[in-house]
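Here is a short set of exercises to work through with the model open beside you. Try each task before you read its solution.

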Amino acid sequence: MFYGWAIVWSGLVVSVAQAPMYGPVVSIFVKPIGDEMGWSRFSIAFAFTLGSIVGMIVSAPVGIILDRYGARAVVTASGMIIAGALIGLAVMTEQWHFWVLLGTGRGVAMSGIQMGTMVSVTNWFVRRRGRASAVPSFGVRAGQAIVPLMILPIIVGYGWRQAYWALAVVAVLFIAVPAYVYLRRRPEDHGLLPDGDEPSRDVQDTADPSSATEVRWSLREAMHVRAFWLLTLVTATGMFGQTAANLHAVANFQDRGMTDALAFTI
């Protein structure tokens, strides 16, 4: 089997495990934390916004590191940072603790993990890049759907702090460990070619000859192309409404009288 598929499936696991730093999972902690600590919804949402800003700022330098050294070290370190942030959230006592910890964890998830997994996959596939990239992308959404249901019994039975402890263990086992064991920079570093092609394989033998050889663009070249900016704008714009709804959905349902189980499931 082509080793690139190990990259893909480890990316799936990592993508699921990073879910605690995204809106649908943070949302289930909004009301429990606010009720116990006496914090407003604005102060909780500020931590989430701060994390998004951190992710935006550090994405550029992280992208340079990924291009130069690959995703293994970046994603492994990101997993450990997220685990540390989750442990901090489990024992926090001040509002600024929440801002720093969630802001750091979310920023790292957005830049180090989400970018790292996708860069790894794109480095190992050209012709099959679409189907390979779909697997980690599925993991992002699957994690946001599955993780709330997994930690619901912990929050209901033991409390939100214990839930954060459990998520910290998940981050180490399912982000840092798979990333360190499986992620590698490029197939060429190991004497392989993208998609598992043989060195002597004729391009005409591929299912899609036009995409067998990838055209590489530098950042400067891409920035001079109108399509690059249109894709960037469209991708970014959709996040505004989606992120706000994800963050406040569960707390809004709970305020309207829904049970925790029903609010988490919706």
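**Exercise 1.** Which residues does L149 touch, not counting residues up to four places away in sequence?

*Solution.* Two notes before the steps. This is a predicted model, in which local features need pLDDT of at least 70, side-chain atom pairs count only at pLDDT 80 or more, and totals for chains, interfaces and linings use all residues. Residues are numbered from 1 along each chain as its sequence is written, and side-chain values use heavy atoms, with hydrogens and water left out.

Step 1: find L149 in helix α6, residues 129-157; helices (H or I, at least four residues) are DSSP runs, numbered from the N terminus. Step 2: look for contacts, meaning heavy atoms within 4.5 Å. Beyond those sequence neighbours, L149 touches F264 and T265. Step 3: check its surface. L149 has a relative accessible area of 41%, so it is partly exposed; buried means under 20%, exposed over 50%, and partly exposed in between (1.4 Å probe, protein chains only).

**Exercise 2.** Is S120 buried or exposed, and which residues does S120 touch?

*Solution.* Step 1: go to helix α5, residues 95-124, where S120 sits. Step 2: read its accessibility; S120 is buried because its relative accessibility is 2%. Step 3: list the contacts. Leaving out residues up to four places away in sequence, S120 touches I7, A71 and L183.

**Exercise 3.** What covers the buried residues of α4?

*Solution.* Step 1: check the helix itself. Helix α4 spans residues 72-91, and its 20 residues reach 29 Å from first C-alpha to last, close to the 28 Å expected at 1.5 Å a residue; the expected span is 1.5 Å times one less than the number of residues. Step 2: pick out the buried residues of α4, among them V74, I82, L86 and L89. Step 3: see what packs over them; the cover includes α1, α3 (41-69), α5 and α7.

**Exercise 4.** Which residues are linked with K31 in a network of salt bridges?

*Solution.* Step 1: recall the criterion, a side-chain nitrogen of Lys or Arg within 4 Å of a carboxyl oxygen of Asp or Glu. The structure holds 6 such salt bridges. Step 2: start inside helix α2 (residues 23-37), where K31 and D35 lie 4 residues apart, about one turn of the helix. Their side chains meet in a salt bridge at 3.5 Å, N to O. K31 counts as partly exposed because its relative accessibility is 22%, while D35, at 56%, counts as exposed.

Step 3: follow K31 to D255, whose salt bridge with K31 has its closest N and O atoms 3.3 Å apart. This pair links distant parts of the chain, with D255 in helix α9 (residues 226-255) and K31 in helix α2, 224 residues apart. Step 4: move on from D255 to R41, a salt bridge of 3.0 Å, N to O. Here D255 in α9 is joined to R41 in helix α3, 214 residues away in sequence. Step 5: put the pieces together: K31, D35, R41 and D255 form a network of salt bridges.

**Exercise 5.** Over which residues is the pLDDT below 50?

*Solution.* Step 1: take the overall picture. The protein chain averages a pLDDT (the predictor's confidence in each residue, from 0 to 100) of 88, and 93% of the residues score at least 70. Step 2: locate the weak stretch, residues 202-211, where pLDDT is below 50; beyond near neighbours in sequence, this stretch has 10 contacts in the model. Step 3: read with care, because low pLDDT means that predicted coordinates should not be read in detail.

Conventions
Helix = DSSP H or I, 4+ residues; strand = E, 2+ residues; numbered from the N terminus.
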